[in-house]
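Me: I've got a chain to look at for class. Can you walk me through it?
Reply: Sure, let's bring it up.

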Amino acid sequence: MAGKKARRDKRSPFRPSPDFRDKKPTYAVGDILPAILAQYGIGRTRPEDDLAEHWEMLAGKLATQTCVLGLRRGILEIGVTNAIFIQELTFQKQEILKKLQKIYTDGNIRDIRFRVEKKRLDEDEK
């Protein structure tokens with residue numbers, strides 16, 4: 001036996017058996033990807049994204065000092081850099097709200113709330 005090498009099994013213990021493929025169906029990525037994206041809500045437009053575009057038009061010069069935080073239970077939440085701008089926006093609140101309600105006629109926006117949110121605004125600039 002000194003001159004003979006031991007015969008090695010070519011099949012790795014980690015390699016699946018040939019009949020493994022028969023047990024589980026395979027799918028093309030293009031077939032399952034839309035279902036996965038829909039399941040997790042990826043690629044879906046959020047109302048906040050559309051509102052952000054209109055907000056810049058409605059807030060005018062103050063839009064640079066603000067950002068749309070979200071729409072929750074009919075209340076549009078706006079982040080503002082400081083209290084001075086909150087006061088100015090509060091003076092314009094009813095006018096802005098009327099314009100928003102003309103754009104979004106479904107009645108989803110009932111009120112606007114402003115709050116100081118300097119940290120998030122700083123992140124948006126980066």
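Me: Let's start with helix α2. How many residues does helix α2 have, and how far does it reach from its first C-alpha to its last?
Reply: This is a predicted model, so keep that in mind. Helix α2 covers residues 29-40, twelve residues in total. From first C-alpha to last, α2 reaches 16 Å. That is close to the 16 Å expected at 1.5 Å a residue.

Me: How many of its twelve residues are buried?
Reply: Zero. Helix α2 is hardly covered.

Me: And what follows α2?
Reply: G41 does. The phi of G41 is positive, near 70°.

Me: Zooming out. How many helices and strands are there in the chain?
Reply: Five helices and three strands. From the N terminus on, the order is α-α-α-β-β-α-β-α.

Me: What share of the whole chain is buried?
Reply: 25% of the 126 residues count as buried. The chain exposes about 10,600 Å². Carbon and sulfur atoms supply 53% of that area.

Me: What about contacts between residues 24 or more positions apart?
Reply: Take the contacts with a separation of 6 or more. Residues 24 or more positions apart account for 59% of them.

Me: New topic: confidence. Where is it lowest, and where is it highest?
Reply: Helix α1, residues 20-23, is lowest, at a mean of 59. Strand β3, residues 111-116, is highest, at 91.

Me: And what is the mean pLDDT of the chain?
Reply: The mean is 76. Of the chain's residues, 69% reach 70 or more.

Key
Residues are numbered from 1 along each chain as its sequence is written. This is a predicted model: local features need pLDDT of at least 70, side-chain atom pairs count only at pLDDT 80 or more; totals for chains, interfaces and linings use all residues. Side-chain values use heavy atoms; hydrogens and water are left out. pLDDT is the predictor's confidence in each residue, from 0 to 100. Helices (H or I, at least four residues) and strands (E, at least two) are DSSP runs, numbered from the N terminus. Buried means under 20% relative accessible area, exposed over 50%, partly exposed in between (1.4 Å probe, protein chains only). Contact means heavy atoms within 4.5 Å. Accessible areas come from the Shrake-Rupley method with a 1.4 Å probe; for residues, only the protein chains shown count as cover. The expected span of a helix is 1.5 Å times one less than its number of residues.
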